[in-house]
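Me: I'd like to learn how to read strand pairing and enclosed space in a protein model. Could you walk me through it?

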Amino acid sequence: MAAPGTRSCSLSGLLPAQTSLEYALLDAVTQEEKNNLVYQYLQKVDGWEQDLLVPEFPEGLEWLNTEEPISVYKDLCGKVVIFDFFTYCCINCIHLLPDLHALEHSYSDKDGLLIVGVHSAKFPNEKVLDNIKSAVLRYNITHPVVNDADASLWQELEVSCWPTLVILGPRGNMLFSLIGEGHKDKLFLYISIALKYYKDRGQIRDNKIGIKLYKDSLPPSPLLFPGKVTVDHISKRLVIADTGHHRILVVWENGQIQYSIGGPNPGRKDGIFSESAFNSPQGVAIMNNIIYVADTENHLIRKIDLEAEMVSTVAGIGIQGTDKEGGAKGEQQPISSPWDVVFGRSGLEVQRDDILWIAMAGTHQIWALLLDSGRLPKKNELKKGTCLRFAGSGNEENRNNAYPHKAGFAQPSGLSLAPEDPWNCLFVADSESSTVRTVSLKDGAVKHLVGGERDPMNLFAFGDVDGVGMDAKLQHPLGVTWDKKRNLLYVTDSYNHKIKVVDPKTKNCTTLAGTGDASNISSSFTESTFNEPGGLCIGENGQLLYVADTNNHQIKVMDLETKTISVLPVFTSENAMVDGPFLAEEQKTVPKLPKSAPVISLPPVAASPGQTLQFKLRLDLPSGTKLTEGVASCWFLTAEGNEWLLQGQTPSGEIENISNQPTISLQVPGDCLSPEAVVSISVFLYYCSADGSACMMKGILFSQPLQITSAQHGSSAPVELKYVF
């Protein structure tokens, strides 16, 4: 069918007829009555003199999960189509995805239904295709998605809210719109009757759309979108929410896995570790061999007992709740998308943690789960197991207030506790307002710390600006952690791809690490990069900061003393990567060095098991030359005769910029098979003269002897690998 040129209409054209339908549906009693009402509505809309037609997709848009760009009036003719206008940070959009998954399970494109995600970004970071790719993987979106970065379709149809569903008939004619979440029954009703109506008229085609899932092109990796990380200060283990693999990992300091619980597929099941299942878990907190988990997409709080090796549910009923007050016993209390958890105490006189604080992103509130009988500020005595709202009205706002129930949050996603005076508060990463807030543990008062602006309804006051209080700007921060040693707060400024540090006394917020580029370089604080880091925690002695670098699928280790960053290798006790081999780019065969390649013997370095060594490349090209474009210069780690040194390490990498060369990390394994070893770093540089008239390759080998002793050597400065070609 030919496209109808520029003739198109906004959603307002549907409003009168659809409003009448929805009022009539309220009075309908039986399912047959409802079906008939929708069928009659479609007869009316389908009989209009002129269709309300959607515009064609503009040329040049970027598509995911398809073999080629889709045309409304070529590919979608003969289909009932749902346009899902979404932005990937939006919790309401995330809540809608299970309804769409269920619909796709009931009806395929062969049945005549197709869903198209129309990504219309809120934040600038969300306009970038690579970031949308990560979201498509993270949320297991398998239908076509178009990156409408300039919101052209959004504006032409006059869409006003995330999420919005627009349902089309087989001519590109608009039939229904649904705004917001929570319309599953109505969505299924409209789609089932629309398919029947148009099949009765012979207008449904059973042709298949060319689907090519982005996730099928990716190699396996040991972590997949890790959301949060925490540290057990007693055993020095880390707990990682391996969100994309739907599991919880407990790992030793060197990255060796002790427990893998749940995964690799989403599910909801309590019981022994080998049978338990999670669905996109986020926040984790550990105490006395007990882990509490924000099981986000199951809308549950789970409890992992490491001694009994059992998983149980302590809050939530497994479906999204709308209750904004709470007060029931945990297992009977519906909750909505918990995103982070942290331990706390109900009073200064209490000797142990008896509260689990919850960032309830789905209802824009802070909740509490009583781990023992106790009381919250301005509350009577509460029984053990009670789960209830502590702060936040439930309205999505950036509203501070001395009365906690009158304050407003906007998708709180990270929590950290500072129980000592003068702070005595919860720090909250309030992602959709792009702020960090505080909640007093004395009276529940909610106050501003950094980011945002004064208007509580303005959720678009974001940016990337170091400054004080509201002069500082963040972009969708997801994590916070308190450094009691230095009285500083660290923040994952997720959409700015940075780690920032806040002094709560002065409200000064500055960049600690990250250039702002969404990439994966581990080097010094000023040269390193992240990709939407989601969570972080600080080690016991305050020296190391562990960061869940979500879209890089890694845990980064920031040394606050040496100001360097390395990657935590994640591997099993059998020295094998958990979910498959190294990424494809790490499986390269080491090329043979030219005979003319210089060999640089370095002085021996003393190291201890578990210590991370770093090697900083400092190579200079001849004057008037540059790296060859399109050919990857690279480095390789080898340890001939001592291959055990490299288990779980990153053995190779690329050199993308001669002015910003990488730092290579090597963590000495906890179990060393030899007190002496030699590590070799081979480097291959491909470069050309500035005018491109001549290109060449040069190689060099650095030989680094290691002397491994049980004595702890602490942190050492990176070894500089210098050479001038």
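Me: Which residue in β8 is the bridge partner of valine 231?

Reply: Happy to help, and keep in mind that this is a predicted model. Strand pairing is read bridge by bridge, and here valine 231 is partnered with leucine 238 of β8. That pair belongs to a wider match: β7 and β8 (residues 237-242) run antiparallel and are joined by 5 bridges.

Me: What is the order of the strands in the open sheet of 4 strands?

Reply: Reading across, the order is β7-β8-β9-β10, and the pairing is antiparallel. The edges are β7 and β10 (257-262); each has a single partner strand, so one side of each has no neighbour in the sheet. On average, neighbouring strands of this sheet are turned by 15° against each other, direction ignored.

Me: Now for open spaces. How much space lies in the second largest pocket, and which residues are closest to its centre?

Reply: The second largest pocket holds about 1300 Å³. It is lined by 48 residues, and closest to its centre are His233, Val342, Phe343, Asp353 and Leu417. Our edge strand β7 (228-232) is among the elements giving two or more residues to this lining, as are β17 (338-344) and β21 (412-418). By residue class, the lining has 21 nonpolar, 15 polar and 12 charged members.

Me: And how many cavities of 30 Å³ or more are there?

Reply: There are 3. The largest cavity contains about 260 Å³ of space. Its lining has 22 residues, with Arg138, Tyr139, Gln282, Trp339 and Leu478 closest to the centre. Domain 1 (11-215) and domain 2 (219-567) each supply at least three residues to that lining, which divides into 8 nonpolar, 10 polar and 4 charged.

Methods
Residues numbered from 1 in each chain as written. Predicted model: local features only at pLDDT ≥ 70, side-chain atom pairs only at ≥ 80, totals over all residues. Heavy atoms only, no water. 1 Å grid on protein atoms, 1.4 Å probe; cavity = no way out; pocket = protein on both sides within 12 Å on 5 of 7 lines; lining within 4 Å. Points joined across faces, edges and corners; volume = space filled by probe spheres on them. Nonpolar A, V, L, I, M, F, W, Y, C, P; charged D, E, K, R; others polar. Domains from an automatic or database assignment. Pairing = 2+ DSSP bridges. Axes fitted to C-alpha atoms, helices over the stretch in contact; angles between N-to-C directions.
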